[in-house]
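Biologist: I have a new model open and would like to learn how to read its features. Could you walk me through a few of them?

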Amino acid sequence: MKNSFLFLFLLAIIFLPESVFGKSVIIQTTPEKIYPGDAFLIKIKNLRSKNIPVAIVNKKEFVFVENDKNSYIAIGAMDINSKPKKYKIRIKSGNKIFWSYLHVKKKKFPSIHINLPEEKVFPNEIDQLRIADEKCKMEQIWQLTTEKKWEGSFILPIKNEISTKFGAKRIMNQKLTSIHWGIDFKAQEGEGIKASNNGKVVLTENLFYGGNTIVIDHGLGIYSIYMHLSDIKVKPNDEIKKGEVIGNVGSTGRATGPHLHFGIKINGINVSPVSLIKLNI
Ligand SMILES: [Zn+2]
């Protein structure tokens, strides 16, 4: 009789939930439903581990950062071409594995017609070489993942009306179609542009399409891009604070008039800037 009690006692210890010995691990993904091209937030609570967790979603890895004792945070993103469905999120911390889900809803992106000077839509051979060079330089920037510099939520660089949304199909001069990888804000020439979060300037250059461009590295694979500026007030390696004025609105590069093009990259994925700003970090 004593033995069977001992056996039951041991069995109970083995199968008792973790919550009896400590708080169980909580994984929170917000928002629960997103659109292709959106950013999302994963929060882990009560994880006692020596290993910084990593989330794998749609074959992409997003590294967590500790934001409190035993709690971690990661900003992820879903590619604009990802299929609308329920995705599994695999979270690895040493030899511990956890699962969560993310629902990607279907979205129809708008098409818009714009007219530009022919040479900006169909560049000559010399310009094509320049464009290829600039593209290569930018691609190299997105490959680098540095330590976290962002603090809290990201902010709008300018509080103006949006003229062209993220993901819009732009039909140029009735001939060429290109995807709009950012948002355009209506603005007057010379209006101040603010840094979306803390970070380090990694590029200040005049690009064929982007005109005067600034790229800020916010760490953990997140970059913000500001284009068509009239002038740039920062230089590479400058450490920037959230809200600091980094330049002024202009119409340099491929632009129909003064406006700010604002883009976000997360782990090389083009992300809807509005979706990142909406995250309650
Ligand atoms: Zn734009």
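Biologist: Let me start with one pair: how many bridges join strand β3 to strand β7, and in which sense do they run?

Modeller: Happy to help, and keep in mind that this is a predicted model. In general, strands of a sheet pair through backbone hydrogen bonds, either parallel or antiparallel. Here β3 (residues 39-45) and β7 (residues 71-77) run antiparallel, joined by six bridges. To find your place in this pair, look for Ile42, which stands opposite Ala74 in β7.

Biologist: And what is the strand order of the sheet that holds this pair?

Modeller: The order is β1-β3-β7-β6, an open sheet of four strands with antiparallel pairing. At its edges stand β1 (26-30) and β6 (65-68); each has a single partner strand, so one side of each lacks a neighbour in the sheet. From one strand to the next, the twist averages 25°.

Biologist: Which strands make up the open sheet of five, and how are they paired?

Modeller: Read across it as β2-β9-β8-β4-β5, with mixed pairing. The edge strands, pairing on one side only, are β2 (33-34) and β5 (60-63). Inside this order you meet β8 (residues 86-93) and β9 (residues 96-104), which pair in the antiparallel sense over eight bridges. A handy landmark is Ile89, which stands opposite Ser100 in β9.

Biologist: Now the backbone: is the peptide bond from Thr30 to Pro31 cis or trans?

Modeller: First the general idea: most residues other than glycine have a negative phi, and most peptide bonds are trans. The bond from Thr30 to Pro31 is cis, with omega near -15°. You will find Pro31 in the loop between β1 and β2.

Biologist: You mentioned phi as well. What is the phi of Gln174, and where does this residue sit?

Modeller: Gln174 is not a glycine, yet its phi is positive, at about 65°. Its place is the loop between β12 (169-172) and β13 (176-179). Another case is Leu220, also not a glycine, with a positive phi near 50°. Leu220 lies in the loop between β17 (211-219) and β18 (222-232).

Biologist: Why does Gln174 count as exposed? And is Leu220 buried or exposed?

Modeller: Relative accessibility settles both. Exposed means over 50%, and Gln174 has 59%, so Gln174 counts as exposed. Buried means under 20%; Leu220 has a relative accessible area of 18%, so Leu220 is buried.

Biologist: Thanks, now I can go back and look for these features myself!

Methods. Residues are numbered from 1 along each chain as its sequence is written. This is a predicted model: local features need pLDDT of at least 70, side-chain atom pairs count only at pLDDT 80 or more; totals for chains, interfaces and linings use all residues. Side-chain values use heavy atoms; hydrogens and water are left out. Two strands pair if DSSP finds at least two bridges between them. Helices (H or I, at least four residues) and strands (E, at least two) are DSSP runs, numbered from the N terminus. Axes are lines fitted to C-alpha atoms, for helices over the stretch in contact, and angles run from 0 to 180 degrees between N-to-C directions. Buried means under 20% relative accessible area, exposed over 50%, partly exposed in between (1.4 Å probe, protein chains only).
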